[in-house]
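Work through the exercises below with the sequence and the model open. Each task is followed by a solution in steps.

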Amino acid sequence: MGEMSGFQLGVMGALFLSVASSVSIVICNKALMSNLGFQFATTLTSWHLMVTYCSLHAALRLNFFENKPIDIKTVFIFGMLNGISIGLLNLSLGFNSIGFYQMTKLAIIPFTVVLETIFFKKQFSKNIKLSLSILLLGVGIASVTDLQLNLVGTILSILAIITTCVGQILTNTIQKRLNVSSTQLLYQSAPFQSAILFFTGPFVDRFLTKQNVYAFKYSPVVLGFIVLSCLIAVFVNFSTFLVIGKTSPVTYQVLGHLKTCLVLAFGYTLLHDPFTWRNILGILIAVVGMGMYSYFCTNETKRKQLVDVSPSPPMKEKDANSPLLGSHLDKESKDSAV
C-alpha cells in the first residue's frame, strides 16, 4: 500500500513538474520570439537538448543516477524519430494556418488511441473515449480559429502526427520493456535528437523565417532569455519522459491540452492577449473533459487493483543491450495504465 502511495505521489510530482515547466517555457519563448524577434524555434530546440544532455551528464558524474547502456540501434532510431517529429511540427506550423496546426495537435490523441489499440491490443473504455472527446471539443473551441488547407501543409501535418505518436508510444514502451528509467533513456537519446536538429534546424528556420540564425544580432537580453529557455527546457524534457513512462502517451497528451488552456489563460492575464467568450467556453469544456478523464482513470485503476488480488508472475526483463526496435514488439499487457 505504501509502495502504491509512493508511486501516486511520484506521478503527481511528474505531472506538476511537466505543467509548471511547460507553461514557463512557453511564456519565456513567447517573449523571446514575439518581443525580441528571435524566431528560430528548431535551432533553439537543438540547443535545449544539448543543454539537457550536458546537465544529465553532470548529474551522472555526481552519481544522481546510474547509466544503463541501451542497444545503439534502438536509441539511434528513437532519437532520430523524435528529432524528425519536432522538425515536422515546426514545418507544419510554417505551411499551415494556426487553426489547422491546432487541429494537427488535437489529432494526436485519437491517432495514438488507434495505434495502441491496433498494435498493442490496449483497451480504452467508453468512459475514457467520452472524456477524451469532450476534452478535444473544448480545446478545439478555445484554440482553433481559421482552417486553411493546402496539400504540402496537410502532408507535413500527417507525417508530424505519425512521428509524434510513434515517438511517444516508444518512449513508454522502451522504458517498460527494457526496464530503464526516464532519466536513463533521455540521457542516451538526447545526443541523437540534438544532432539532427542542430544540423537541420538552421535550414528549416531559414526556410520558414527567411533569416539566418547565425547572422542574428544577439544582444545581452536575447542571450539571457536563450539561456533561461535552455535551463527550463531541462525540466521540460525530463518531465516529458517521466510522465510518459509513469502514465501513458494519451495521458501525456491530455496534460498537454491542460497546458494549452493554462497558456491561454496566462496569456490573457499576464500578456493581455485578446480573449473571447469562445475561449472561456472552450477552456471550461476542456476542464470538464480533463476532470472526467482523471476520474475514470482513477476508478479503473482501483477496479483493476481489486480484481488482481493474486500477484501475477513477474514479466521477464528484456536485456537493454538487445535491439527492441529491430525485432517484433511483444504484445502490450492489457492491464497497462491508460
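Helices here are DSSP runs of H or I with at least four residues, and they are numbered from the N terminus. By that count N179 sits in the loop between α7 (151-177) and α8. The model is a predicted one.

**Exercise 1. Describe the overall fold: which elements does the protein have, and what share of the residues is buried?**

Step 1. The protein has 11 helices and zero strands. Read from the N terminus, the order of elements is α-α-α-α-α-α-α-α-α-α-α.

Step 2. Of the 338 residues, 47% are buried. The protein exposes about 17500 Å², and carbon and sulfur atoms supply 69% of that area.

Step 3. Take the contacts with a separation of 6 or more: residues 24 or more positions apart account for 88% of them.

**Exercise 2. Set the UniProt transmembrane annotation against the model at residues 99-120 and 151-173.**

Step 1. The unreviewed UniProt entry gives "transmembrane region" at several spans, including 99-120, 151-173 and 185-204.

Step 2. Residues 99-120 are 95% helix and 0% strand, with end C-alpha atoms 32 Å apart.

Step 3. Residues 151-173 are 100% helix and 0% strand, and their end C-alpha atoms lie 33 Å apart.

**Exercise 3. Locate K121 and N179, and state what is notable about the phi of K121 and of N179.**

Step 1. K121 is in the loop between α5 (108-120) and α6 (126-143). The loop that holds N179 joins α7 and α8.

Step 2. K121 is not a glycine, yet its phi is positive, about 55°. N179 also has a positive phi of about 55° without being a glycine.

Step 3. With a relative accessible area of 42%, K121 is partly exposed. N179 is partly exposed at 45% relative accessibility.

**Exercise 4. How many salt bridges does the structure hold, and what is the charge environment of D205?**

Step 1. The structure holds one salt bridge. The partners are the side chains of E116 and K122, at 3.7 Å from N to O. E116 and K122 are both buried.

Step 2. D205 lies in helix α8 (residues 182-209). D205 is buried but has no salt bridge.

Step 3. The nearest side chain of opposite charge to D205 is R206, 11 Å away. A salt bridge needs a side-chain nitrogen of Lys or Arg within 4 Å of a carboxyl oxygen of Asp or Glu.

Step 4. Setting aside residues up to four places away in sequence, D205 touches F40, A41, T42, T43, K210 and Q211.

**Exercise 5. Is S189 buried or exposed, and which residues does S189 contact beyond its sequence neighbours?**

Step 1. S189 belongs to helix α8. S189 is buried because its relative accessible area is 0%, and the cut-off for buried is under 20%.

Step 2. Apart from neighbours within four places in sequence, S189 contacts V75, F78, G79 and F241.

Step 3. S189 and N82 are 107 residues apart in sequence, while their C-alpha atoms are 9.1 Å apart in space.

**Exercise 6. How many disulfides does the structure have, and are C54 and C261 buried or exposed?**

Step 1. A search of the whole structure finds zero disulfides.

Step 2. C54 is exposed, because its relative accessible area of 51% falls in the range over 50%.

Step 3. C261 is buried, with 5% relative accessibility.

Notes
Residues numbered from 1 in each chain as written. Predicted model: local features only at pLDDT ≥ 70, side-chain atom pairs only at ≥ 80, totals over all residues. Heavy atoms only, no water. Helix = DSSP H or I, 4+ residues; strand = E, 2+ residues; numbered from the N terminus. Buried < 20%, exposed > 50% of the residue type's maximum accessible area, 1.4 Å probe, protein only. Lys, Arg positive; Asp, Glu negative; His and termini not counted. Contact = heavy atoms within 4.5 Å. Areas by Shrake-Rupley, 256 points an atom, 1.4 Å probe, with all protein chains shown as cover. UniProt positions renumbered as here; feature names shortened; annotations may be inferred. Disulfide = S-S within 2.5 Å.
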